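This report describes the protein chain shown below, moving from individual residues to the fold and its pocket. Please read it alongside the sequence and the coordinates.

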Amino acid sequence: MVLRVWSGRFTDHHRNRRPFLRFCSALSSLTFATLGLLVLAAAATPGWQPVLMPAVAVVLVVAGISVSAWHGVAYTELATLAGASRAGTALGLANSFVFIAFFLVPAGIPGLLLLSSWAGVWLAAAACALIARPIFLRPA
């Protein structure tokens with residue numbers, strides 16, 4: 001919550017919303033990939049689990065922050081790009097897609113767990129964050 005307010009203030013001050021969003025996407029992808037690799041390492045080397053599990057907890061916190069910090073910035077940039085005459089439509093559409101994702105992702109996780117394990121879930125999340133990165137275009 002604090003980082004959401006900070007990120008909004010930071011990007012307002014520096015006028016760097018799109019680079020900030022691209023950074024959050026890259027950081028999310030990196031942290032999810034790291035979680036996947038840590039889970040794979042813990043499964044492959046059970047003796048290392050006491051060392052790896054605290055690392056998993058730290059990376060999980062960083063991942064959670066990186067996927068939460070950008071919401072206000074993204075919605076503000078979306079409204080700015082849409083313009084005053086279309087901001088409501090753009091924000092309504094964005095929220096609709098977010099809620100569709102909130103429905104589909106939890107429904108898909110059990111299938112991914114059956115096919116791969118938590119490592120596969122984290123690696124799929126990393127791929128999704130990486131796929132989202134081009135959406136945040138470079139400033140014109």
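Alanine 44 has a relative accessibility of 59% and therefore counts as exposed, the cut-off for that class being over 50%. This alanine belongs to helix H2, which covers residues 17–44. The model is a predicted one. Alanine 44 and proline 19 are 25 residues apart along the chain, and their C-alpha atoms are separated by 37 Å.

Other residues can be placed in the same way. Proline 50 is located in helix H3, a helix that runs over 49–68. With a relative accessible area of 62%, proline 50 is exposed, because exposed means over 50%. Its C-alpha atom is 22 Å from that of valine 121, although the two positions lie 71 residues apart in sequence numbering. Valine 121 is itself one of the buried residues of H6.

Isoleucine 100 is part of helix H5. Its relative accessibility of 43% makes isoleucine 100 partly exposed, since that class lies between 20% and 50%. Isoleucine 100 and leucine 113 are 13 residues apart in sequence, and the distance from C-alpha to C-alpha is 21 Å.

Two loop residues have backbone angles that merit attention. Arginine 15 is not a glycine, yet its phi is positive, at about 50°. This arginine sits in the loop between helix H1 (2–14) and H2, and at a relative accessible area of 76% it is exposed. Serine 117, also a residue other than glycine, has a positive phi near 115°. The loop that holds serine 117 joins H5 and H6. Serine 117 is partly exposed, with a relative accessible area of 27%. Its C-alpha atom is separated by 9.9 Å from that of alanine 43, a residue 74 positions away along the chain.

The C-alpha separations described above are collected here.

| Residue pair | Apart in sequence | C-alpha to C-alpha |
|---|---|---|
| Alanine 44 and proline 19 | 25 residues | 37 Å |
| Proline 50 and valine 121 | 71 residues | 22 Å |
| Isoleucine 100 and leucine 113 | 13 residues | 21 Å |
| Serine 117 and alanine 43 | 74 residues | 9.9 Å |

What secondary structure does the protein chain contain? It comprises 6 helices and 0 strands, and the order along the sequence is α-α-α-α-α-α. The C-alpha trace spans about 60 × 30 × 25 Å along its principal axes. Of the 140 residues in the chain, 27% are buried. The chain exposes about 9,000 Å², and carbon and sulfur atoms account for 76% of that area. When contacts between residues at least 6 apart in sequence are considered, 71% of them join residues at least 24 apart.

Helix H6 can be examined further. H6 has 15 residues, and at 1.5 Å a residue it should span 21 Å; the end C-alpha atoms are 21 Å apart, so the model agrees with the expected span. Which residues of H6 are buried? They are Ala119, Gly120, Val121, Trp122, Ala126 and Ala129. The elements that cover these buried residues include H2, H3 and H5.

The largest pocket has a volume of about 1,400 Å³. Its lining is made up of 41 residues, and those closest to the centre are Trp70, His71, Val98, Ala101 and Ala132. By class, the lining residues divide into 32 nonpolar, 6 polar and 3 charged. Which helices each supply at least two residues of this lining? They are H2 (17–44), H3 (49–68), H4 (71–82), H5 (87–115) and H6 (118–132). Among the contributors to the lining, H5 gives the most, with 13 residues.

Taken together, these descriptions connect at several elements. H5 contains the partly exposed isoleucine 100, is among the elements covering the buried residues of H6, and gives the most residues to the lining of the largest pocket. H2 holds the exposed alanine 44 and likewise takes part in covering the buried residues of H6.

Key. Residues numbered from 1 in each chain as written. Predicted model: local features only at pLDDT ≥ 70, side-chain atom pairs only at ≥ 80, totals over all residues. Heavy atoms only, no water. 1 Å grid on protein atoms, 1.4 Å probe; cavity = no way out; pocket = protein on both sides within 12 Å on 5 of 7 lines; lining within 4 Å. Points joined across faces, edges and corners; volume = space filled by probe spheres on them. Helix = DSSP H or I, 4+ residues; strand = E, 2+ residues; numbered from the N terminus. Nonpolar A, V, L, I, M, F, W, Y, C, P; charged D, E, K, R; others polar. Buried < 20%, exposed > 50% of the residue type's maximum accessible area, 1.4 Å probe, protein only. Contact = heavy atoms within 4.5 Å. Areas by Shrake-Rupley, 256 points an atom, 1.4 Å probe, with all protein chains shown as cover. Expected span 1.5 Å × (residues − 1).
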